[in-house]
Amino acid sequence: MIALARKYRPKKFADLIVQEHIAAALRGAVAGGRVAHGYLFAGPRGVGKTTAARILAMALNCERRGSGTAGEPCGECDSCTRVWTGAVNLDVVELDAASNRGVDDARDLRERAMYAASGEGRHKVYIVDEAHMLTREAWNALLKILEEPPPRVVFVFATTEPQKIAQTAAPILSRLQRFDFRRIGPHAIVDRLRHVVSAEGLSADDEALHLIAKSADGGMRDGLSILDQVVSFGEGPVTAARVREVLGLISDDVYGELLRLVSERDPKAVFPLVERLVDAGADLGEFVAGAGEIVRAVLLANLGGKPEGLTEPMQELLGKYRSLLPAPDLVRLLAVLTELEPQLRSSGNARLAVELLLLRWAMMSRTVEIGQVLEALGMRQPGSGMRDAGSGPATPPVLRDTSSGAPATPPASRIPHPDPPEKGPLTLDRLRALWPRIVDDARTKSPMLGALLQVTEVAAVDAGAVTIRLLDTNAVHAEGLERQREALSQLVTRYLTGPVRIKLEGAEGGGSRERSAPRPTRLTEEGARAERLKTLRAQDPSLNAAVDALDLELLE
Ligand SMILES: [Zn+2]
């Protein structure tokens, strides 16, 4: 059985996938008799540089030239077959610069180039692979040829590193016509693999083909070689499981578990996960690379991009976890990965290094939503009047300032409850019945206030005042409600015919926490806010930047 990579190597310009721009230019040059003496084919490995050079050599020497599409070789005549198979050929010489880099070879090349092509109407084509490996002396010899090129001699230099040629042999570049070959994307590779699979009468899962394309990393030849390996290994359809087994790939559910433990901050799940990998004989380096890739894919998706080449299960994982992992968190995960990378590579104990990475990921504190922070700090609280200055945050306050005695109707920009509240008298029963709805109302405006009110009940009402009792003893909750008292008063007033004051009561049924109630610490309110802000800033550099951008350090 002929290797698939070889069997399906293109024989015509039209078969060169992804590099259509180059194929069209070369075909046009052959058809129009405008072929240059020197070409530079630059691009990553496996994208068709050497293949394109061979097709050019075939087209220039095809015995049936002009019988088909202008500029295309027939691909079947004796000459075409010899070039295509790499058989000994007087007119087409392939050299690997990696093994022929000395000045002697260049001199030899020069002498050989002086001989004209073997026959009338034929071209002598030199294909130099890995051309960046040629020495300066070799390039100098070649430069002399290219300055006065013999008729019907064509040089094609293929390289993955054109910048090295620019360093060692800049003058030669001006003598060469350069083509940059594109990397072949996973979709194009999958399409081509699908075509080959059906042409071979085989069957393969889409997921299997995606995995192969991913491993091929932009190289069509590698993609076909991998398919070959997988096909030769076992019977029946090519499945994702078979591909994983042959390539020693780590299964997608391992990455699913990884995303889960990171998003749920579940460090204790790290050890079983790594143990599972080690037991399965997985390559931990590959696991780390895959982990970085999936985190990057989630980040890309969160920033509005479209990650390419993911298998279906991976796409599902992405959909599941993207909302749980905000972009700043993902950036920090990647930063930790980059930071630990040297250790991961050099560590004698790879297992410990991977565990350390995952533990840091699972234990990392999360980005706090700036809105929540501002609310927690009481900066969005109406009546404070502190953010009216030009230096205030760009986001409009959720609740407007009523300190000037403005009417309590909501501003037009606020999203109202679906049904406008019906105003009525202030009675304990009525307010208790309305309470769940008021809590809902609060939540649509401020998740923080909604959460705080979740642990409250209406304790009492009397002339113009409502006493709200906090059902837990959490001092932070008490403090938060205290700050939101004015907002709460507005909310409640929407359901009442007259204005109302809010009193807060602690969980123990102790004294009302009205404004002069003693605080648990001796800090002033301003001092407490500054302290909290400092802690939050220390925890999260991105918040730090946001706070600076909003000019909030005035508080400190
Ligand atoms: Zn031919």
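# Chatting through a zinc-bound model

User: Hi! How much surface does the protein expose, and what share comes from carbon and sulfur atoms?
Analyst: Hello! The exposed area is about 27,300 Å², and carbon and sulfur atoms supply 53% of that. Keep in mind that this is a predicted model.

User: Noted. What does the secondary structure come to?
Analyst: There are 25 helices and eight strands in the protein.

User: And what percentage of the residues is buried?
Analyst: Of the 556 residues, 46% are buried. As for contacts between residues at least 6 apart in sequence, 71% of them join residues at least 24 apart.

User: Let's switch to the metal. Which residues are the protein donors of the zinc ion?
Analyst: The zinc ion has the SG atoms of Cys62, Cys74, Cys77 and Cys80 as its protein donors, at 2.2 to 2.3 Å. In sequence, the spacing of these donor residues is C-x11-C-x2-C-x2-C.

User: Where in the chain do cysteine 62 and cysteine 77 sit?
Analyst: Both are in the loop between helix H3 (49-61) and helix H4 (78-85), 15 residues apart.

User: Are those two buried or exposed?
Analyst: Cysteine 62 is buried, and cysteine 77 is buried as well.

User: What geometry does the zinc site have?
Analyst: The site is tetrahedral, with angles of 102 to 119° among the four donor atoms. For reference, the ideal angle for four tetrahedral donors is 109.5 degrees.

User: Nice. New topic: how many salt bridges are there?
Analyst: The count comes to 25 salt bridges. One of them pairs aspartate 222 with arginine 45, where the closest N and O atoms are 2.8 Å apart.

User: Which parts of the chain does that pair tie together?
Analyst: Aspartate 222 is in helix H11 (residues 220-232), while arginine 45 is in the loop between strand E1 (38-42) and H3, so the bridge ties together parts that are 177 residues apart in sequence. Aspartate 222 is partly exposed, at a relative accessible area of 21%.

User: What about glutamate 505 and arginine 469, how far apart are their closest N and O atoms?
Analyst: That salt bridge has its closest N and O atoms 2.7 Å apart. Glutamate 505 belongs to strand E8 (residues 501-505) and arginine 469 to strand E7 (residues 465-470), so parts that are 36 residues apart in sequence are tied together. Glutamate 505 is buried, with a relative accessible area of 16%, whereas arginine 469 counts as partly exposed at 25%.

User: Which residues are joined into one network by salt bridges that share partners?
Analyst: That network is made of Glu257, Arg260, Glu264, Asp266 and Lys268.

User: And where do aspartate 329 and arginine 332 lie?
Analyst: They are three residues apart in helix H17 (residues 327-346), which means about one helical turn separates them. An α-helix has 3.6 residues a turn, so residues three or four places apart point the same way. The side chains of aspartate 329 and arginine 332 form a salt bridge at 3.4 Å, N to O, and both residues are buried.

User: One last spot, helix H12. Which of its residues are buried?
Analyst: In H12 (residues 240-247), the buried residues include Ala240, Arg242, Val243 and Arg244.

User: What covers them?
Analyst: The cover for the buried residues of H12 includes helix H10 (206-216), H11 and helix H13 (252-263). H11 is also where aspartate 222 of the bridge to arginine 45 lies.

User: What phi does glycine 248 take just after H12?
Analyst: Glycine 248 has a positive phi of about 65° there.

Definitions and conventions. Residues numbered from 1 in each chain as written. Predicted model: local features only at pLDDT ≥ 70, side-chain atom pairs only at ≥ 80, totals over all residues. Heavy atoms only, no water. Helix = DSSP H or I, 4+ residues; strand = E, 2+ residues; numbered from the N terminus. Buried < 20%, exposed > 50% of the residue type's maximum accessible area, 1.4 Å probe, protein only. Contact = heavy atoms within 4.5 Å. Areas by Shrake-Rupley, 256 points an atom, 1.4 Å probe, with all protein chains shown as cover. Donors = N, O, S within 2.8 Å, 3.2 Å for Na, K, Ca; no water. Tetrahedral: all angles 85-135°; square planar, octahedral: opposite > 155°, others 65-115°. Salt bridge = Lys/Arg side-chain N within 4 Å of Asp/Glu carboxyl O.
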